[in-house]
Amino acid sequence: MLVVRPALPADFDNLMELAVLSGRGFTSLPADEQTLRSRLALSQASFHSEVAAPEAWYTLMLEDLEAGDIVGVAGIKAGVGLKRPHFSFRVVTLAQSSPTLDKRFDHRALVLVNECAGWSEVGSLFLKPERRKGGAGRLLAQSRYMLIGLEPQRFAEMVLAELRGWFDEDGGCPFWDHVASKFFRLEFDEADRMSASTDGQFILDLAPRHPIYVELLPSAASETLGRVHREGEAARAMLEAEGFRFSGLVDIFDAGPTVAARRDDIKTVREGRRLRVRLGEDAYGEEALISSGAVASFRAVRAPVLIDGETAIIGRDAAAALGVSEGEMVRVKA
């Protein structure tokens, strides 16, 4: 059985392995020891309510209980842009006209913005390549919304997700090479590492302050605006199924799209029900997403469940994986 659970400091080696596997451009999961250790410590403090709610950052691990192996990771930032700006490019249309020539032109342009301050962010979703079938990714992705649904007040009214932008087969990033690198004068990997492991002051210092006209960019760069990395298509589909939509914002490094949704409109948040556990036979009822009923002891699985009024009848294996006993509360999304 696969279970999603809070990350622990002891998960460092597994988290580093996933960070290395994630490859270039996965900014939220850098292969940097200090950054990952700090994130694990912050996650543990967040689950135990030892940090202010807006500063919490919850990291979740997907564990194969039978193999004793960590196969994936995901996370939720309760608030972005609070201690450092959360910059994006907004893709806008600038209308220009000349009555003398009786002509009007609409130009697309990129404008640096900091619009999402205080929003929550779901991200860092990554699974080992060999485990990307059989619903593991869906379980991991939806577990984030189950956590949000347990105590919505811990999170902002708006939730965003940033998807990795387009990279060529050889690992090059066209938008970085033709646009962003001209302002930062760094290698992509160095800028990516600094973005994840520093206070981001270099972005505030060097990011462009004036609109960038898309028509002036080479097609290799302009065609990647809002384009998702080939390995991010499944993640985008899952986000869209939950109600996330393109916000008109793109990443300032790789031009990957930002999607967003109102917290209470996210499908799994909206449809999850709080029910009381009753133990039954294994494989009893239809399979559903089930999570434990408290943030501090959060766990989530997909398992058979029979809903009887305000009661969820689940098997003993599922109850053990969730760490719940008869009579305790769980959250169920059918």
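# Exercises on a predicted model

Just after helix H4, Arg 185 takes a positive phi of about 50°. The structure is a predicted model, and the exercises below begin with this helix.

**Exercise 1. Find which residues of H4 are buried, and which elements they pack against.**

Solution. Step one is to go along the helix and pick out its buried residues, which are Pro 174, Phe 175, Trp 176, Val 179, Ala 180, Ser 181 and Phe 184. Step two is to look at the partners of these buried residues, which pack against strand S4, strand S5 (103-113), helix H5, helix H6 (201-206), strand S8 (212-213) and helix H7 (219-222).

**Exercise 2. Classify the ring pair of Phe 89 and Phe 175, and explain which parts of the chain it ties together.**

Solution. The structure holds 11 aromatic pairs, and this is one of them. First, take the geometry: the ring centres are 6.2 Å apart and the planes stand at 70°, so the pair is edge-to-face, because planes over 60 degrees apart count as such. Next, place the residues: Phe 89 lies in strand S4 (residues 88-98) and Phe 175 in helix H4 (residues 174-184), so the pair ties together parts that are 86 residues apart in sequence. Finally, check the exposure: Phe 89 has a relative accessible area of 3% and Phe 175 one of 0%, and since buried means under 20%, Phe 89 is buried, as is Phe 175.

**Exercise 3. Classify the pair of Trp 176 and Phe 184, and name the cluster that ring pairs build around these residues.**

Solution. The centres of the two rings lie 6.1 Å apart with 10° between the planes, and the pair is stacked. Both Trp 176 and Phe 184 are buried. Following the ring pairs onward, one arrives at a cluster that links Phe 167, Trp 176, Phe 184, Phe 188, Phe 202 and Phe 253.

**Exercise 4. Describe the largest nonpolar core, and say which element gives the largest share of it.**

Solution. Begin with its extent: the largest nonpolar core has 39 residues, and those with the most contacts inside it are Leu 62, Val 122, Leu 147, Phe 244 and Phe 298. Then turn to the elements that give two or more residues to this core, including strand S1 (2-6), strand S6 (120-127), helix H3 (136-150) and helix H8 (233-241). The largest share, 9 residues, comes from H3. Apart from this core lies another, of 26 residues, among them Cys 173, Val 179, Ala 180 and Val 214.

As a last step, examine Phe 244: leaving aside its neighbours within four places in sequence, Phe 244 is in contact with residues including Val 122, Tyr 145, Leu 239 and Ile 266.

**Exercise 5. Work out how many cavities of 30 Å³ or more a search of the whole structure finds, and describe the lining of each.**

Solution. The search finds 2 such cavities. The largest cavity, with a volume of about 40 Å³, is lined by Leu 15, Leu 29, Arg 39, Trp 57, Thr 59, Val 73, Ala 74, Gly 75 and Ser 124. Sorting this lining gives 5 nonpolar, 3 polar and 1 charged, and strand S3 gives the most to it, with 3 residues.

The second largest cavity has a volume of about 30 Å³, and its lining consists of Arg 84, Pro 85, Phe 87, Asp 199, Gly 200, Ile 203 and Leu 204. Sorted in turn, these residues divide into 4 nonpolar, 1 polar and 2 charged.

Methods:
Residues numbered from 1 in each chain as written. Predicted model: local features only at pLDDT ≥ 70, side-chain atom pairs only at ≥ 80, totals over all residues. Heavy atoms only, no water. Core = buried A, V, L, I, M, F, W, Y, C linked by side-chain atoms within 4.5 Å. Buried < 20%, exposed > 50% of the residue type's maximum accessible area, 1.4 Å probe, protein only. Helix = DSSP H or I, 4+ residues; strand = E, 2+ residues; numbered from the N terminus. Contact = heavy atoms within 4.5 Å. Phe/Tyr/Trp six-rings, centres within 6.5 Å; stacked < 30°, edge-to-face > 60°. 1 Å grid on protein atoms, 1.4 Å probe; cavity = no way out; pocket = protein on both sides within 12 Å on 5 of 7 lines; lining within 4 Å. Points joined across faces, edges and corners; volume = space filled by probe spheres on them. Nonpolar A, V, L, I, M, F, W, Y, C, P; charged D, E, K, R; others polar.
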